[in-house]
Amino acid sequence: MSRISLVQKEQASPEVKELFQKIEDNGARVVNLYKVVSHSPHVVRNFIKLGNSLIGRTELSPKLRELTIMRIAKLCHSEYEWAQHTLVALEVGVSQEKLDKIDSWGESDSFTEAERAVLQYVDEVAKNVKVTDETFAALRQYLNERSIVELTLAIGWWGMLARLLVPLEVEIDEQSAGSAGDLIGRRSTSK
């Protein structure tokens, strides 16, 4: 059970009620994360906009984004993020084998060189904030500057979510997302 109550649409402030209705009208789900953040009604709208932008409006490949999210979920012990993104990761082409080995990706031959460069960067940013010149040079071989910025934003965003979800013990939704569309609605999730 969540340490913080989940704001229900019926009890929400008018602006949060309207936001929840827009989410539902767009074909997305009002997930428990949104219900917790809705305790801060002046933050929740922009909070959701930024998350949706990182899912549906970036050049970074969805596969690399989901590998990033899943690695962050493991590093931060965020069961909520893992549950919400497992099917999304599979949908965009992350194999079950890669999900199973993401804890020990450095010892696994299941990952491409590009994925290994991304995961090394994820680990260094998430654990140390600072990255080595070698790690950054390896990443530059596979990603352009826009994608590097978007990857870094994704690491920060999903790391921040873990730091909200884990200490507040936000309960996993009864039905996790089956696709990126479940999270952001009908809006295109292409690059």
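**Notes on contacts and empty spaces**

1. Start with K63 and E115, whose side chains come together in a salt bridge, 3.7 Å from N to O. This contact ties distant parts of the chain together, since K63 belongs to helix 4 and E115 to helix 7, 52 residues apart. Keep in mind as you look around that the model is predicted.

2. Now check how the two partners sit. Is E115 buried or exposed? E115 has a relative accessible area of 4%, so this residue is buried. The cut-off for buried is under 20%. K63, on the other hand, has 27% relative accessibility and therefore counts as partly exposed. So this bridge pairs a partly exposed lysine with a buried glutamate.

3. How many salt bridges does the structure hold? There are eleven, and one of them joins R146 to E59, with the closest N and O atoms 3.9 Å apart. This pair also links distant parts of the chain: R146 is in helix 9, while E59 is in the loop between helix 3 and helix 4 (62-76), and 87 residues separate them. Both partners are partly exposed, R146 with a relative accessible area of 44% and E59 with 26%.

4. Stay with R146 for a moment. R146 makes a salt bridge with E150 too, and there the closest N and O atoms are 2.8 Å apart. Why are R146 and E150 separated by about one helical turn? Because they are four residues apart in helix 9. E150 counts as buried, at 10% relative accessibility. Put these contacts together and you get a network of salt bridges that links E59, R146 and E150.

5. Next, the rings. The structure holds two aromatic pairs. In one of them, F47 and W157 are tilted, with 4.9 Å from centre to centre and 50 degrees between the planes. Which helices does this pair link? F47 comes from helix 3 (residues 41-56) and W157 from helix 9 (residues 145-165), so distant parts of the chain, 110 residues apart, are brought together. F47 counts as buried at 10% relative accessibility, and W157 is buried as well, with a relative accessible area of 9%.

6. The other pair is Y121 with F136: their ring centres are 6.3 Å apart and their planes are at 55 degrees, so this pair is tilted. If you're wondering about that label, planes under 30 degrees apart would count as stacked and over 60 as edge-to-face, with the rest called tilted. Y121 sits in helix 7 (residues 113-128) and F136 in helix 8 (residues 133-140), 15 residues apart, and the pair links distant parts of the chain. Are the two rings' residues buried or exposed? Y121 counts as buried, at 5% relative accessibility, while F136 is partly exposed, at 27%.

7. One more ring contact deserves a click: K74 lies over the face of W82, at 4.5 Å from the ring centre.

8. Then there's the empty space. Rolling a probe the size of a water molecule over the atoms shows where empty space is left. Searching the whole structure turns up one cavity of 30 Å³ or more. The largest cavity has a volume of about 190 Å³. It is lined by 16 residues, and L33, Y34, H85, W158 and L161 are the closest to its centre.

9. Which elements supply that lining? Helix 2 (32-37), helix 3, helix 5 (79-91) and helix 9 each provide at least two residues of the lining of the largest cavity. Helix 3 gives the most, with five residues. Sorted by class, the lining of the largest cavity has eleven nonpolar, four polar and one charged residues.

10. Last stop, the second largest pocket, which holds about 160 Å³ of space. Among the residues lining this pocket are L6, R29, V30, K35, E171, I172, D173 and Q175. The lining of the second largest pocket divides into four nonpolar, two polar and five charged residues. Compare that with the largest cavity, whose lining has one charged residue.

Key. Residues numbered from 1 in each chain as written. Predicted model: local features only at pLDDT ≥ 70, side-chain atom pairs only at ≥ 80, totals over all residues. Heavy atoms only, no water. Phe/Tyr/Trp six-rings, centres within 6.5 Å; stacked < 30°, edge-to-face > 60°. Buried < 20%, exposed > 50% of the residue type's maximum accessible area, 1.4 Å probe, protein only. Lys NZ or Arg CZ within 6 Å of the ring centre and 35° of its normal. Salt bridge = Lys/Arg side-chain N within 4 Å of Asp/Glu carboxyl O. 1 Å grid on protein atoms, 1.4 Å probe; cavity = no way out; pocket = protein on both sides within 12 Å on 5 of 7 lines; lining within 4 Å. Points joined across faces, edges and corners; volume = space filled by probe spheres on them. Nonpolar A, V, L, I, M, F, W, Y, C, P; charged D, E, K, R; others polar.
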